[in-house]
Amino acid sequence: MIDAVLLASAIALTVFIQQYPFVDNWLTVKFFLLIVYIVLAHIAFKKLTTTRGQVTVGIVAIVVFGLTVLTAITRQPFWQLFV
């Protein structure tokens, strides 16, 4: 349910600001990071049974979320910020 709302809000935002994935590089990166974040959350909550695995995937998901926020704020793919 939350993932569906997250994706729907992302689609609504792209229509509202009239910038689209695969046209604007930063939005393409943000779109793929969102998909990775959703997959990691699914793995952490549905597939993993050990606490250690859940914590590890949770930390990776937090890093991905941070990269998503960084990409959204700067409107540049995050790897261009470190070059």
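Helices (H or I, at least four residues) and strands (E, at least two) are DSSP runs, numbered from the N terminus. The model is predicted, and local features need pLDDT of at least 70, side-chain atom pairs count only at pLDDT 80 or more, while totals for chains, interfaces and linings use all residues. Residue numbers run from 1 along each chain as its sequence is written, and side-chain values use heavy atoms, with hydrogens and water left out.

**Whole chain**

Start with the full chain in cartoon. It holds three helices and zero strands, in the order α-α-α along the sequence. Along the principal axes, the C-alpha atoms fill a box of roughly 40 × 35 × 15 Å. Colour by relative accessible area next, with three classes: buried under 20%, exposed over 50%, partly exposed in between (1.4 Å probe, protein chains only). Of the 83 residues in the chain, 23% are buried. For contacts, use heavy atoms within 4.5 Å. Taking the contacts between residues at least 6 apart in sequence, 52% join residues at least 24 apart.

**Stop 1: Thr14**

Select Thr14, which sits in helix α1 (residues 2-17). Is Thr14 buried or exposed? Its relative accessibility is 10%, so Thr14 counts as buried. Show its surroundings, leaving aside neighbours within four places in sequence: Thr14 is in contact with Gln19, Tyr20, Pro21 and Leu27.

**Stop 2: α1 against α2**

Keep α1 on display and add α2 (25-47). The two helices pack at an angle of about 175°, and their axes are 11 Å apart. That makes α1 roughly antiparallel to α2, a label for angles over 145 degrees, where under 35 is roughly parallel, 65 to 115 roughly perpendicular and the rest oblique. The axes are lines fitted to C-alpha atoms, for helices over the stretch in contact, and angles run from 0 to 180 degrees between N-to-C directions.

Select the two sides of the contact in separate colours. From α1 come Asp3, Leu6, Leu7, Ala10, Leu13, Thr14 and Ile17. From α2 come Trp26, Leu27, Lys30, Leu34, Ile35, Tyr37 and Ile38. How many of the residues in the contact of α1 with α2 are nonpolar, polar and charged? The contact has 11 nonpolar residues, one polar and two charged. In this scheme Ala, Val, Leu, Ile, Met, Phe, Trp, Tyr, Cys and Pro are nonpolar, Asp, Glu, Lys and Arg are charged, and the others, Gly among them, are polar.

**Stop 3: the loop between α1 and α2**

Move to Gln18, in the loop between α1 and α2. Gln18 has a positive phi of about 55° although it is not a glycine. At 61% relative accessibility, Gln18 counts as exposed.

Then select Phe22, found in the loop between α1 and α2. Phe22 is not a glycine, yet its phi is positive, about 70°. Phe22 counts as exposed, with a relative accessibility of 61%.

**Stop 4: aromatic rings**

Show the rings of Phe, Tyr and Trp (its six-membered ring), which pair if their centres lie within 6.5 Å; planes under 30 degrees apart count as stacked, over 60 as edge-to-face and the rest as tilted. By this rule there are four aromatic pairs. One of them joins Phe22 and Phe31 edge-to-face, at 6.2 Å centre to centre and 65° between the planes. Another edge-to-face pair is Phe31 and Phe32, with 5.5 Å centre to centre and 65° between the planes. Phe22, Phe31 and Phe32 are thus linked by ring pairs into a cluster. Phe31 is partly exposed, with a relative accessible area of 31%, and Phe32 is partly exposed at 44%.

**Stop 5: α3**

Select helix α3 (residues 51-74), which has 24 residues. From its first C-alpha to its last, α3 reaches 34 Å, close to the expected 34 Å; the expected span is 1.5 Å times one less than the number of residues. Which residues of α3 are buried? They are Gly53, Val57, Ala61, Val64, Thr68 and Thr71. What covers these buried residues includes α2.

Zoom in on Val64, in helix α3. At 10% relative accessibility, Val64 counts as buried. Not counting residues up to four places away in sequence, Val64 touches Leu33, Val36, Tyr37 and Leu40. Measure from Val64 to Val36: the two are 28 residues apart along the chain, and their C-alpha atoms are separated by 7.6 Å.

End at Arg75, which follows α3 and has a positive phi, near 55°.
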